[in-house]
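Trainee: Could we go through this model together? I would like to see how each conclusion is reached.

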Amino acid sequence: NSLEPPRRSNSYCSRPSKDSDLSSTRSKSSARNAVMNELDGLLDHLTKDPAEEGFSAAEVTRLRAGFKRFMMPGTIDVHKDDVFELLTFLGCVFLDPLKV
């Protein structure tokens, strides 16, 4: 009958393809590995002898990366207005004394 709406083809499937499933699985696995590496580093840091001084190689790498990110172009300096952002980037937490 010409008054019937056209039928939809069943060729389109709303289910993700196997490639996207694999990509999603790899992404989750990569994120999980990154978290586990962070936790391993934290555990190493917490079990470190408190009498031992200095930073680990991983900590030095993280600190250098933070400073490089906030350096003024063409210099080895961080602008004074960027120090707060740099410290926050490195993990320092600042609390408002009025809210504590």
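Trainee: How many residues does helix H2 have, and what distance does H2 reach from its first C-alpha to its last?

Mentor: Bear in mind that we are looking at a predicted model. Helix H2 covers residues 57–70, which is 14 residues. At 1.5 Å a residue, the expected reach is 20 Å, and the helix comes close to that, with a first-to-last C-alpha distance of 20 Å.

Trainee: Which residues of H2 are buried, and on how wide an arc around the axis do they lie?

Mentor: A residue is called buried when its relative accessible area is under 20%. In H2 that applies to Glu59, Gly66 and Phe70. They sit on the same side of H2, because the arc they cover around the axis is only 30 degrees.

Trainee: Then which exposed residues does the opposite face of H2 carry?

Mentor: Here the cut-off is a relative accessible area over 50%. An α-helix has 3.6 residues a turn, so residues three or four places apart point the same way. On the face of H2 turned away from the buried side, the exposed residues are Ala57, Ala58, Thr61, Arg64 and Lys68.

Trainee: Which element gives the most residues to the lining of the largest pocket?

Mentor: The largest pocket has a volume of about 440 Å³. It is lined by 14 residues, and those closest to its centre are Gly41, Leu42, Ala58, Glu59 and Arg62. Two elements give two or more residues to the lining, helix H1 (18–46) and H2. With seven residues, the element that gives the most is H1.

Trainee: How many residues of each class are in that lining?

Mentor: Let's sort the lining by class. The largest pocket is lined by four polar, five charged and five nonpolar residues.

Trainee: Why does Asp77 count as partly exposed, and how far is Asp77 from Phe67 in space?

Mentor: Asp77 is found in the loop between H2 and helix H3 (83–89). Its relative accessibility is 42%, so Asp77 counts as partly exposed. Phe67 and Asp77 are 10 residues apart in sequence, and their C-alpha to C-alpha distance is 8.6 Å.

Trainee: Finally, what share of the chain is buried?

Mentor: Let's step back to the whole chain, whose pattern along the sequence is α-α-α. Out of 100 residues, the buried share is 5%.

How values were computed: Residues are numbered from 1 along each chain as its sequence is written. This is a predicted model: local features need pLDDT of at least 70, side-chain atom pairs count only at pLDDT 80 or more; totals for chains, interfaces and linings use all residues. Side-chain values use heavy atoms; hydrogens and water are left out. Helices (H or I, at least four residues) and strands (E, at least two) are DSSP runs, numbered from the N terminus. Buried means under 20% relative accessible area, exposed over 50%, partly exposed in between (1.4 Å probe, protein chains only). The expected span of a helix is 1.5 Å times one less than its number of residues. The arc is that of the directions from the helix axis to the C-beta atoms. On a 1 Å grid over the protein atoms alone, a cavity is a set of points where a 1.4 Å probe fits but cannot get out, and a pocket is an open set with protein on both sides within 12 Å along at least five of seven lines; lining residues have an atom within 4 Å of a point. Grid points are joined across faces, edges and corners, and a volume is the space filled by probe spheres set on the points. Ala, Val, Leu, Ile, Met, Phe, Trp, Tyr, Cys and Pro count as nonpolar, Asp, Glu, Lys and Arg as charged, and the others, Gly among them, as polar.
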